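Please look over the model below before reading on. The paragraphs that follow lead through it one part at a time.

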Amino acid sequence: MSQAVILDAQSLGPDIDLTAIRNAVTHLEIHQQSTTAQACERLAKADIAIVNKVKLDAETLAQLPSLRLICVLATGLNNIDLEAAKAHGIVVKNVSAYGTASVSQHTLMLMLSLANRLPRYQADIADEKWQNSDFFCLQDHPTLQLSGKQLVMVGQGELGSEVARLAEAFGMQVTFAARPGNEQNDQRPSLDELLPTADVISLHCPLNEATKHLLDKARLAKAKSSLLIVNCARGGIIDEVAALEALRNGDIGGLAVDVLPAEPPSDGHPLLDALANAEPLNLIVTPHNAWITPEARQNIVALTADNIRAWQTENH
């Protein structure tokens, strides 16, 4: 059994039961929020750090001789210096596939909302265009019937596969693109091959050197003017500035993102400016909350407890 500290429990949101983690350790200390500087003091006697987004860099890890395990309450490990952890003999474990149902549901919601031009029609109703119409309905923004349309998926893991399954239920034709940066060794068609005929692109890949600005100005220029883009992966996989320009110019049909390059976007972002200015765009931005169903968040706790017990078994 072990001494564990949760550094940012608040990131799991309200009403989450931590009993599974509590039962896996001798003592559990819970902090709602922590800075990197506070982490040194709070982890001084801990052998297990449980963290979501607090940055644990090389300098911090060097000051924590008791630390043996870092459990990340997420899939991404960008906030952990993995090389430093390895050098200090600290095991790092993350959780994956905890929110497949939650994120895939959100992805389809964004896709359907863009296809039906929900942002545009909601704005029209707010402007009382329907109320003052001579006709019983508004038809100013042609919608896209998903049945029979081509969905290009980047990322064929558990999440991408589930989004594909749901999209096929709407009658979409789904094709997975080759892994970016590994096209030569991948039998699947490349994104460049698929892009000109794609009606929808959904991103479910990690952010790395091969995927940063994967959809840039040059690639967007090859797309259909009706193309819908959905990003529930990581900010920066799309060149958001180029995509916004394409949307404004009518070179793509819609853009929906659940992620931005810096989160929270305290310094602002052009996509947020466009929403604040109420531009007439088929644009949706959600606050990185595709994963937040209570079921998914509780699953993170269960999987983290599993990680702790597996580590204890391996080391005792």
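Contact here means heavy atoms within 4.5 Å. This is a predicted model, in which local features need pLDDT of at least 70 and side-chain atom pairs count only at pLDDT 80 or more, while totals for chains, interfaces and linings use all residues. Residues are numbered from 1 along each chain as its sequence is written, and side-chain values use heavy atoms, with hydrogens and water left out.

Begin with Ser102. Leaving out residues up to four places away in sequence, Ser102 touches Ala290, Trp291, Ile292, Thr293 and Ala296. Ser102 is found in helix α5; helices (H or I, at least four residues) and strands (E, at least two) are DSSP runs, numbered from the N terminus. Its C-alpha atom is separated by 9.2 Å from that of Pro294, although the two are 192 residues apart along the chain. Ser102 counts as buried because its relative accessibility is 6%; buried means under 20% relative accessible area, exposed over 50% and partly exposed in between, with a 1.4 Å probe and protein chains only.

Ala296, touched by Ser102, is also one of the buried residues of helix α12. This helix covers residues 294-315, 22 residues in number, and reaches 32 Å from its first C-alpha to its last, close to the 32 Å expected at 1.5 Å a residue. The expected span is 1.5 Å times one less than the number of residues. An α-helix has 3.6 residues a turn, so residues three or four places apart point the same way. The buried residues of α12 include Arg297, Ile300, Val301, Thr304, Ala305, Ile308, Trp311 and Gln312. They pack against α1 (19-24), β3 (48-51), β4 (69-72), β5 (91-93) and α5 (100-115).

A second helix, α10 (residues 240-248), has Glu240, Ala242, Ala243, Leu244, Ala246 and Leu247 buried. The cover over these residues includes α9 (217-220), β10, α11 and β11. Just after α10, Gly250 takes a positive phi of about 75°.

Next come some backbone details. Most residues other than glycine have a negative phi, and most peptide bonds are trans. His288, in the loop between β11 (283-285) and α12, has a positive phi of about 50° although it is not a glycine. Glu128, in the loop between α6 (118-126) and β6 (150-154), has a positive phi near 65°. Glu128 counts as partly exposed because its relative accessibility is 44%. In the loop between β10 (254-257) and α11 (270-276) lies Pro264, and the peptide bond from Glu263 to Pro264 is cis, with omega near -5°.

His31 is placed in the loop between β2 (27-30) and α2 (36-42). With a relative accessible area of 16%, His31 is buried. Apart from neighbours within four places in sequence, His31 is in contact with Val5, Ile6, Leu7, Asp8, Ala9 and Arg42.

Last is the second largest pocket, which holds about 240 Å³ of space. A pocket, on a 1 Å grid over the protein atoms alone, is an open set of points where a 1.4 Å probe fits, with protein on both sides within 12 Å along at least five of seven lines; lining residues have an atom within 4 Å of a point. Grid points are joined across faces, edges and corners, and a volume is the space filled by probe spheres set on the points. Of the 14 lining residues, Pro119, Ala123, Ala278, Glu279 and Pro280 are the closest to the centre of this pocket. The largest share of the lining, four residues, comes from α6.
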